[in-house]
Amino acid sequence: MMKLSENTFYVTTPIYYPSAKLHIGHAYTTVAADTIAKFKEMQGYDTKFLTGSDEHGQKIERKAEEANKNPQNYVDEIVSTFKVLWDELGVDYDYFVRTTDTDHERIVQKIFQKLYDKGDIYKGKYEGWYCVPCESFWTERQLGEEKVCPDCGRPVEWVEEESYFFKLSKYADKLLNHIENHPKFIQPETRRNEMINFIKDGLDDLSVSRKTFDWGVEVPFDNDHVIYVWIDALSNYITAINYLEDEDEFKHFWPADVHIVGKDILRFHTIYWPIILMALDLPLPKQVFGHGWLLTETGKMSKSVGNVVDPRRLIDDFGRDAIRYYLMREISFGTDGTYSTEALISRINSDLANDLGNLLNRTVSMVEQYFDSKIPEPVKSTYTAVDKDLKETAFKSLEIMEEKMDELKFTVALEELWNFVRRTNKYIDQTTPWILAKEDAKRDRLASVLYNLLEALRIIAGALKPFMKETPVEILKQIGYEGKIENISWDDLKEWNKLQTGNKVKKGDPIFPRIDMEEYFEEVENKMAEEKKEENKAEEVEDNLVSFSDFQDVNLKVAKVIEAEEIEDSNKLVKLQLELGEEKRQVIAGIKNYYDVDELLGKKIVIVANLEPATIFGYESNGMLLAASNDSGDMSIITVDKDIESGSDIS
Ligand code: MSP
């Protein structure tokens, strides 16, 4: 629902190609966007978080063809797995845009028409190189000697076709100006220069339609052409908020606050997209953030190397909150990082099980033990410097977190939160509640200490809300928090003494059980061995079976032997003349040792009629007769036992 708030925050992810299952790299982008959206929501912004799927183009068309499916059915199936994954990962997007949505297609056509009417699109002829997997055009100069795509390293295809062109060059100076005057527009800083150089090298006009396939949005005024997939795709950021159709909604959210994309597609987002927007007289997004690659220990993830990390498997093994935490904590947003299961387990054990899990466990246990589970009333007169320090650390951490979240420095924000988690653990060691509990006179102090610990946990749970799904809920439940988690705002965390006293705490299972690294890897190995066995079994079964359609491909027919003659120089071969209805055929068969030629005459035998012709012993053979043989070396030709006409089909 759209609120009438001045403070809006619009964040987007790339729309992913439904050409394969999504992997941990895609999850990384999407979790980051989800985290910042959840954070802004807590800050009271009217937030819009958009993700979706990029379903048109030659690559998808070819993939569908390979899978023997029509493109729409093909993408429908894969896109539904995207949604399941986001759900499993606790990603709460506000809208999922599909480029095959009719609303999207209609608005894309309006955009194209607008650009054409303005004179920024014109008809010409494209001659050049095209990378189908990246859906990218390249000039000779950009390709270099090897003729491979500079982005993905795969071979490019030569394309020669009539095409519409978009006047990129017309806006190059204006774009350079914008980039120079808006230092935050391209982030991180390090990628800015790369983009500036690309523009300074000179922008050729961009081919924006294709004629040789049709899985795309039709050019509205020329149905021989479909709109180039990147124009179709980039437009999603404004079609999803009803550009040209709902002015109020569009104005409410546009310009976007940040497009989060991988560095691989930064060029499209910081050059092509802004120029389209300039041509449409629209403001540019406030920021495009190009994060780094998530690599594996064996390099870039790729199907052929077999090192693709499946986020669903990780969710099964470790739970979504641990994965989300790891992704945002371990790899600095902006630089490349390496995914490793060891590092993931270490994070779970040290940060989540040890620091956070123990803090919760110890605190709740003490309240149960010393105050009959009731949240005690703190007694201000017992406060000392250590309490002040705890409180100040909390507020300082929140302040730094806010600042770092705005810069999308998730890693630093979490580091800061963990400073506070560790500070709180230290507070237990400093205040030694178990010693206070021994003296009645210290009861008020004990109450204050335990209350402060619970209060610290309330703040920690709240600050974790953008990063995790069920953990904050579980912490709040255990510490006896009454309110609803949805209602906790970021400002609520900046107040101490919000937790209602008198409610009951309730210990639960450890929020993050420790993982024994060795045991885990052993289990994985066993599981993999088991899977391999199953696969082998399945392959064996497959080897022994043919599909019905394969069987149907074999054309068996009844044939009558009308002539039979031994081939002189051969020990085995007989030359048969066969009648198949009207048709006559010659077949060479290895049956000399089993039949006299005379006894063959008139027999109605079975032959494979659609076998490729072969020359055997210098004679052409058109087909193969069927015969049974046994271990003792006897052979019997298969015949039909009724008087069926020759040429009849056998099925
Ligand atoms: N369909 C285009 C984007 C159109 S946006 C208008 C596309 N799709 S994609 O499926 O290939 O997704 C690319 C994005 O996925 C990257 O930009 C990045 O955000 C994310 N990642 C894919 N692999 C990744 C890693 N190994 N590491 C980090 N992010 C990665 O391009």
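Which residue in S5 stands opposite Trp129? In this predicted model, the residue opposite Trp129 in S5 is Trp138. A second tryptophan enters the picture on another strand, as Trp129 also stands opposite Trp158 in S6. The strands behind these pairings are S4 (residues 121–131) and S6 (residues 157–166), which run antiparallel and are joined by 10 bridges. Strand S5 (residues 136–138) is likewise antiparallel to S4, with three bridges between them. S4 and S5 together form a hairpin, and four residues lie between the two strands. Within that turn, Glu135 has a positive phi of about 50 degrees.

A good place to look next is strand S12, which covers residues 258–262. Are its residues mostly covered or uncovered? Five of the five residues in S12 are buried. In a regular strand, side chains alternate between the two faces of the sheet. For S12, one side carries Val258, Ile260 and Gly262, the other carries His259 and Val261, and all of these are buried, so both faces are covered.

S12 also has strand partners to trace. Strand S1 (residues 8–16) pairs with S12 in the parallel sense over two bridges, and here Val11 has Val258 as its bridge partner. Strand S13 (residues 288–291) is parallel to S12 as well, and four bridges link the two. In this pairing, Ile260 is matched with Phe289 of S13. Between S12 and S13 the eye can follow helix H11 (residues 266–279), since the three elements make a right-handed β-α-β unit.

The backbone holds some details worth finding in the loops. The peptide bond from Gln187 to Pro188 is cis, with omega near -10 degrees. Pro188 sits in the loop between strand S7 (186–187) and helix H7 (189–200). Another cis peptide bond connects Trp254 to Pro255, where omega is about 5 degrees. This proline belongs to the loop that runs between helix H10 (247–253) and S12, which leads back to the buried strand described above.

Positive phi values appear at residues other than glycine, too. Leu244 is one of them, with a phi of about 70 degrees. The loop holding Leu244 lies between helix H9 (236–239) and H10. Is Leu244 buried or partly exposed? Its relative accessible area of 34% is between the 20% and 50% cut-offs, so Leu244 counts as partly exposed. Asp372 is another case, with phi near 50 degrees, in the loop between helix H14 (341–371) and helix H15 (385–406). The relative accessibility of Asp372 is 53%, and the cut-off for exposed is over 50%, so Asp372 counts as exposed.

Helix H14 also contains Thr341. With a relative accessible area of 16%, Thr341 falls under the 20% limit and is therefore buried. Its side chain makes a polar contact of 3.0 Å with the side chain of Tyr339. Leaving aside residues up to four places away in sequence, Thr341 touches Phe318, Tyr520 and Phe521.

Finally, helix H18 (residues 443–464) allows a simple check of length. How many Å should its 22 residues span? At 1.5 Å a residue, the expected span is 32 Å, and the end C-alpha atoms are 31 Å apart, so the two values agree. H18 is mostly covered, as 20 of its 22 residues are buried.

Definitions and conventions:
Residues are numbered from 1 along each chain as its sequence is written. This is a predicted model: local features need pLDDT of at least 70, side-chain atom pairs count only at pLDDT 80 or more; totals for chains, interfaces and linings use all residues. Side-chain values use heavy atoms; hydrogens and water are left out. Buried means under 20% relative accessible area, exposed over 50%, partly exposed in between (1.4 Å probe, protein chains only). Two strands pair if DSSP finds at least two bridges between them. The expected span of a helix is 1.5 Å times one less than its number of residues. A polar contact is a pair of N or O atoms within 3.5 Å; within protein, one must be able to donate a hydrogen and the other to accept it, and residues adjacent in sequence count only if both atoms are side-chain atoms. Contact means heavy atoms within 4.5 Å.
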